[in-house]
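Here is a short briefing on one protein model. It covers the fold, one helix pair and the nonpolar core.

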Amino acid sequence: MSHLTKKNLSEIRTALGAKREALLKQIQAALEETGQTQYAEVLGRGSGDSSDEALAITLGDLSAARLDHEVRQMRELDVAMRRLEDKDFGLCVDCGAAIPAARLVANPAAVRCIACQEVHEKTYAGQEHGSI
Ligand SMILES: [Zn+2]
């Protein structure tokens, strides 16, 4: 069993749901703005029910619609939602330390402790903006 209590987990689950909902709205708004209402409609229908497969296909289309960043966030949230059930949920993937419940509520998709996240971001940023 992880360091997280049932109460922690239920708070994290609520936070996850809220973030997912907000992200969906953001994607829908972006699609409507760019006139890609066919995707926005599918997403509107998909939200709330369990049509994961339909949504997965839609997300594939969305990445073609220049919503990569949002799509990536959505996938991270979906992964976190599934990992909530795992006994190693809330443990840092790099060092294995317990990620504080407050951090997980604020950022349910977090897979690293703060120290490892900083290292990861520095490494990642270095790759992104490195010399060509
Ligand atoms: Zn760590």
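**Fold at a glance**

The protein has six helices and zero strands (DSSP runs, H or I of at least four residues for helices and E of at least two for strands, numbered from the N terminus). This is a predicted model: local features need pLDDT of at least 70, side-chain atom pairs count only at pLDDT 80 or more, and totals for chains, interfaces and linings use all residues. Residues are numbered from 1 along each chain as its sequence is written.

**Overall**

- Along the sequence the pattern reads α-α-α-α-α-α.
- Of the 132 residues, 18% count as buried (20 or more other C-beta atoms within 10 Å of a residue's own, with C-beta atoms placed from the backbone).

**Helix pair α1 and α4**

- Helix α1 (residues 6-33) packs with helix α4 (residues 68-83) at about 155°, their axes 10 Å apart (lines fitted to C-alpha atoms over the stretch in contact, with angles from 0 to 180 degrees between N-to-C directions).
- That makes α1 roughly antiparallel to α4 (an angle over 145 degrees).
- From α1, Leu16, Lys19, Arg20, Leu23, Gln26 and Ile27 meet Glu70, Gln73, Met74, Leu77, Ala80 and Met81 of α4 (contact: backbone-placed C-beta atoms within 7 Å).

**Nonpolar core**

- The largest nonpolar core (buried Ala, Val, Leu, Ile, Met, Phe, Trp, Tyr and Cys residues joined through C-beta atoms within 7 Å) has 15 residues.
- Ile27, Leu77, Ile99, Leu104, Ala109 and Ala110 touch the most other members.
- The elements giving two or more residues to this core are α1 and α4.
- Leu104 touches Ile12, Gly90, Ile99 and Ala110, not counting residues up to four places away in sequence.

Note on methods. Parallel < 35°, antiparallel > 145°, perpendicular 65-115°, else oblique. Contact = placed C-beta atoms within 7 Å. Buried ≥ 20, exposed ≤ 12 C-beta atoms within 10 Å, placed from the backbone.
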